[in-house]
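Trainee: I would like to learn how to read side-chain contacts and helix packing in a model. Could you take me through one?

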Amino acid sequence: MPTIWEYANQVAAGDTGSWLAATRRAAILLAPTHPVITLPRRVPVHQVLVQTTSLVVYGRTFGTRARGHVVSGPELAAWVTDHALPGPNAAPGNIAAAVRRLLDTVAGMLRAAGHQVPDPGHRSLHRHSTDPVIQQWHDLTDVDEAFPGPLLCLGVAAMSDTFGPAIV
């Protein structure tokens, strides 16, 4: 099992700038509760948690007017509460709208940080980017038969468990 720091460096994918800074900030925020990352065979909850937290930290840091802002745990808790998906008893249209809103919000933060963000698509080898931020976007938003929705939704749920309960 890799430490949170080793896995954050893997998520950074060789970047030496702002994406690396965001993955390291995510590691700082996650280290108290997730000092090591479990690598399961089925659903990679811990990996998706680190990836999603890194993407949100990056967007909140570099996709806002206050560039260089240091994201805090309470700030992430508030963001997660604002973007939590409705529970399983919600109408399917409400869930679909909440997923779309989540994807649009994160894409908007990445665009504000200067990235050209493609629409989510079907996961394939052809959907690759040399930009590690956009590759992370693909990894978390593209779908396939293995998981019924964007992994970003799982990541936000894991963030809610980590940074505080989101009540919807």
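**Reading the contacts**

Mentor: Begin with a single residue: at 38% relative accessibility, R100 counts as partly exposed. Keep in mind throughout that this is a predicted model.

Trainee: With which residue does R100 form a salt bridge?

Mentor: The partner of R100 is D104, and their closest N and O atoms are 2.9 Å apart. D104 is partly exposed as well, with a relative accessible area of 41%.

Trainee: Where do R100 and D104 lie, and how many residues apart are they?

Mentor: Take the general idea before the case. An α-helix has 3.6 residues a turn, so residues three or four places apart point the same way. Here, R100 and D104 both belong to helix 5 (residues 92-112), and their spacing of 4 residues is about one turn of the helix.

Trainee: How many salt bridges does the structure hold?

Mentor: There are 4. Another of them joins the side chains of D144 and R123, with N to O at 3.1 Å. This pair links distant parts of the chain, 21 residues apart: D144 sits in the loop between helix 6 (132-141) and helix 7 (151-163), and R123 in the loop between helix 5 and helix 6. By accessibility, D144 is partly exposed at 23%, and R123 is partly exposed at 29%.

Trainee: Which residue meets R60 in a salt bridge?

Mentor: It is E75, with a distance of 2.9 Å from N to O between the two side chains. E75 is in helix 4 (residues 73-83) and R60 is in helix 3 (residues 45-62), so this salt bridge ties together parts that are 15 residues apart in sequence.

Trainee: Is E75 buried or exposed?

Mentor: Compare its value with the cut-off: buried means under 20% relative accessible area. E75 has 15%, so E75 is buried. R60, at 26%, counts as partly exposed.

**Helix 3 against helix 4**

Trainee: At what angle do helix 3 and helix 4 pack?

Mentor: The angle is about 100 degrees, and the axes are 11 Å apart. Angles from 65 to 115 degrees count as roughly perpendicular, so helix 3 is roughly perpendicular to helix 4.

Trainee: Which residues make the contact between helix 3 and helix 4?

Mentor: Helix 3 contributes T53, V56, V57 and R60, while helix 4 contributes E75, L76 and W79. By type, the residues of this contact are 4 nonpolar, 1 polar and 2 charged. The salt-bridge partners R60 and E75 are thus both found in the list.

Trainee: Which residues of helix 4 are buried?

Mentor: They are G73, E75, L76, A77, W79, V80 and H83. The buried residues of helix 4 pack against helix 2 (18-30), helix 3, helix 5 and helix 7.

**The start of helix 4**

Trainee: Which residue caps the N-terminal end of helix 4?

Mentor: The cap is S72, where a side-chain oxygen lies 3.1 Å from the backbone nitrogen of E75. S72 itself belongs to the loop between helix 3 and helix 4. With a relative accessible area of 28%, S72 is partly exposed.

Trainee: Which residues does S72 touch, leaving out those up to four places away in sequence?

Mentor: S72 touches R25 and L29. For S72 and L29, the separation is 43 residues in sequence, but 7.4 Å in space from C-alpha to C-alpha.

**A buried polar residue and a backbone angle**

Trainee: Is Q136 buried or exposed?

Mentor: Q136 is buried, with a relative accessible area of 5%. This residue is found in helix 6. The side chain of Q136 makes a polar contact with the side chain of Q51 at 3.5 Å. Leaving aside neighbours within four places in sequence, Q136 is in contact with V11, W19, Q51 and L55.

Trainee: What is the phi of A13?

Mentor: The general idea is this: most residues other than glycine have a negative phi. In this structure, the phi of A13 is near 55 degrees, a positive value in a residue other than glycine. A13 lies in the loop between helix 1 (4-12) and helix 2. At 54% relative accessibility, A13 counts as exposed.

Note on methods:
Residues are numbered from 1 along each chain as its sequence is written. This is a predicted model: local features need pLDDT of at least 70, side-chain atom pairs count only at pLDDT 80 or more; totals for chains, interfaces and linings use all residues. Side-chain values use heavy atoms; hydrogens and water are left out. Helices (H or I, at least four residues) and strands (E, at least two) are DSSP runs, numbered from the N terminus. Buried means under 20% relative accessible area, exposed over 50%, partly exposed in between (1.4 Å probe, protein chains only). Contact means heavy atoms within 4.5 Å. Axes are lines fitted to C-alpha atoms, for helices over the stretch in contact, and angles run from 0 to 180 degrees between N-to-C directions. Angles under 35 degrees count as roughly parallel, over 145 as roughly antiparallel, 65 to 115 as roughly perpendicular and the rest as oblique. Ala, Val, Leu, Ile, Met, Phe, Trp, Tyr, Cys and Pro count as nonpolar, Asp, Glu, Lys and Arg as charged, and the others, Gly among them, as polar. A polar contact is a pair of N or O atoms within 3.5 Å; within protein, one must be able to donate a hydrogen and the other to accept it, and residues adjacent in sequence count only if both atoms are side-chain atoms.
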